[in-house]
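Me: Can you walk me through this model? I'd like to start with the rings and then move on to the helices and loops.

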Amino acid sequence: MYHTIALAAGFVLDLIFGDPRWLYHPVCLIGNLISVLEKGIRKIFPKTAKGELAGGLLEVILVCICSLCIPGVVLYLLYRYLPWAGMILETFWCYQLLATRSLKEESMKVYDSLKHGTIQEARHAVSMIVGRDTEELTETGVTKAAVETVAENASDGVIAPMIYMAVGGVPLMFLYKGINTMDSMLGYKNDKYLYFGRCAAKLDDAANYLPSRISGLLMIAGAFVIGLDSKNAARIYRRDSRNHASPNSAQTEAVMAGALDVELAGNAYYFGKLYEKPTIGDPIREVETEDIRYANRLLYATAVLGVLLCILFRLLIR
């Protein structure tokens with residue numbers, strides 16, 4: 001029951017307060033661990049394809065063990081001797097690892113820059129939340145990038161962590177964040193990480209396979225609840241949910257595009273190189289700045305439905 005309370009309370013705290021920036025974030029600790037291990041492992045393994053694959057596999061194993069076991073041991077000891085202290089810590093960690101409000105706040109900085117600032121300010125704001133090159137983006141390009149980020153991170157930053165918390169408590173939530181952080185740091189298909197980061201990227205695909213699809217279905221339901229085009233969202237989801245190099249990223253992007261009646265994705269530049277990507281959705285209307293606000297409304301509706309589903313799951317398995 002403590003896990004259920006911690007999940008519900010952590011979600012509410014995240015909606016009220018957002019990311020506690022005054023405190024060092026545990027994901028930053030995981031990121032530092034990944035960087036330190038990478039430097040050490042690269043010195044040990046040969047700079048060949050097989051050597052980098054083996055080194056990347058070792059990195060994944062060590063990060064996963066640390067991400068799961070450290071919070072697991074701490075919570076085990078607290079729950080055994082001070083159960084209420086364990087629940088408080090688990091609630092706080094859940095609050096830190098969910099990103100509903102912070103995702104909204106960061107995307108709304110892009111909205112505010114587009115509405116009241118300059119295109120240069122909007123490009124800078126969106127560069128804080130996307131991996132693509134933003135220097136040449138138009139107002140439409142900036143808006144699309146922000147909307148796509150809200151859609152993708154609705155799964156990675158909100159629903160998927162909730163699901164893992166519901167299944168195995170905060171330790172499994174930490175494990176997921178460790179896998180997700182490795183992918184964001186190592187999962188590039190460039191010369192440096194093509195082999196070293198392959199295991200991290202594949203593991204992230206596996207870890208997100210089911211949560212991303214649950215997120216897509218929840219987002220369709222959320223579109224219906226808040227009065228967006230849920231019928232078109234379901235249609236585009238069925239048609240375009242595989243229109244991405246990743247098996248998971250287009251799941252929620254397709255729903256978002258359909259719910260807003262716009263076209264998302266398409267070609268983009270990364271590190272100065274053009275990557276040709278299929279579009280998602282139909283251009284029933286042009287993308288507008290207000291779509292960032294609608295995307296966040298859909299994010300919140302999806303998050304609320306997600307936490308209710310996870311709480312129901314916890315109650316049923318009890």
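Reply: A definition to begin with: a charge sits over a ring if NZ of Lys or CZ of Arg is within 6 Å of the ring centre and within 35 degrees of the ring normal. Keep in mind that this is a predicted model.

Me: OK. What lies over the face of tyrosine 209?

Reply: Arginine 213 does, at 3.6 Å from the ring centre.

Me: And over the face of tyrosine 300?

Reply: There it is lysine 104, and the distance from the ring centre is 5.2 Å.

Me: Now ring against ring. How many aromatic pairs are there?

Reply: The count is 6 aromatic pairs. One of them is tyrosine 2 with tyrosine 79: the ring centres are 5.5 Å apart and the planes are at 20°, so this pair is stacked, the cut-off for stacking being under 30 degrees.

Me: Where do tyrosine 2 and tyrosine 79 sit in the chain?

Reply: Tyrosine 2 is in helix α1 (residues 2-17) and tyrosine 79 is in helix α3 (residues 49-81). They are 77 residues apart, so the pair links distant parts of the chain. Tyrosine 2 counts as partly exposed, at 29% relative accessibility.

Me: Which aromatic cluster do they belong to?

Reply: Tyr2, Tyr79 and Trp84 make up one aromatic cluster.

Me: What about phenylalanine 92 and tyrosine 95, how are their rings arranged?

Reply: Edge-to-face, because the planes are at 70° and the cut-off is over 60. The ring centres of phenylalanine 92 and tyrosine 95 are 5.7 Å apart. Both residues are in helix α4 (residues 83-97), and being 3 residues apart they are separated by about one helical turn.

Me: Is tyrosine 95 buried or exposed?

Reply: Tyrosine 95 counts as buried, at 8% relative accessibility. Phenylalanine 92, at 25%, counts as partly exposed.

Me: Switching to helices. How do α5 and α6 pack?

Reply: Helix α5 (residues 100-116) and helix α6 (residues 119-127) pack at an angle of about 175°, and their axes are 8 Å apart. That angle makes α5 roughly antiparallel to α6.

Me: Which residues make the contact?

Reply: From α5, Lys109, Val110, Ser113 and Leu114. From α6, Ile119, Glu121, Ala122, Ala125 and Val126. By type, the residues of this contact divide into 6 nonpolar, 1 polar and 2 charged.

Me: Lysine 115 is in α5 too. What does lysine 115 touch away from its sequence neighbours?

Reply: Leaving aside residues within four places in sequence, lysine 115 is in contact with Thr289 and Glu290. Lysine 115 and glutamate 290 are 175 residues apart in sequence, and 9.3 Å apart C-alpha to C-alpha. Lysine 115 is partly exposed, with a relative accessible area of 42%.

Me: And what comes after α6, where is leucine 137?

Reply: Leucine 137 is in the loop between α6 and α7. At 16% relative accessibility it counts as buried. Its contacts, neighbours within four places aside, are Ile119, Arg123, Val126 and Val142. The C-alpha atoms of leucine 137 and alanine 268 are separated by 9.6 Å, with these positions 131 residues apart along the chain.

Me: Into α7, then. Is asparagine 180 buried or exposed?

Reply: Asparagine 180, found in helix α7 (residues 139-186), counts as buried at 14% relative accessibility. Beyond four places in sequence, asparagine 180 is in contact with Asp156, Asp204 and Asn208.

Me: Back to a loop. What does alanine 99 touch?

Reply: Not counting residues up to four places away, alanine 99 touches Asp14, Gly157 and Val158. Alanine 99 is in the loop between α4 and α5. The C-alpha atoms of alanine 99 and cysteine 66 are 22 Å apart, and the two are 33 residues apart along the chain.

Me: Last topic, backbone. What is phi of aspartate 261?

Reply: Near 60°, a positive value in a residue other than glycine. Most residues other than glycine have a negative phi. Aspartate 261 lies in the loop between α10 (249-260) and β1 (264-265), and at 17% relative accessibility it counts as buried.

Me: And phi of alanine 265?

Reply: Alanine 265 has a positive phi of about 65°, although it is not a glycine. Alanine 265 is in strand β1 and is buried, with a relative accessible area of 13%.

Key: Residues are numbered from 1 along each chain as its sequence is written. This is a predicted model: local features need pLDDT of at least 70, side-chain atom pairs count only at pLDDT 80 or more; totals for chains, interfaces and linings use all residues. Side-chain values use heavy atoms; hydrogens and water are left out. Rings of Phe, Tyr and Trp (its six-membered ring) pair if their centres lie within 6.5 Å; planes under 30 degrees apart count as stacked, over 60 as edge-to-face and the rest as tilted. Helices (H or I, at least four residues) and strands (E, at least two) are DSSP runs, numbered from the N terminus. Buried means under 20% relative accessible area, exposed over 50%, partly exposed in between (1.4 Å probe, protein chains only). Axes are lines fitted to C-alpha atoms, for helices over the stretch in contact, and angles run from 0 to 180 degrees between N-to-C directions. Angles under 35 degrees count as roughly parallel, over 145 as roughly antiparallel, 65 to 115 as roughly perpendicular and the rest as oblique. Contact means heavy atoms within 4.5 Å. Ala, Val, Leu, Ile, Met, Phe, Trp, Tyr, Cys and Pro count as nonpolar, Asp, Glu, Lys and Arg as charged, and the others, Gly among them, as polar.
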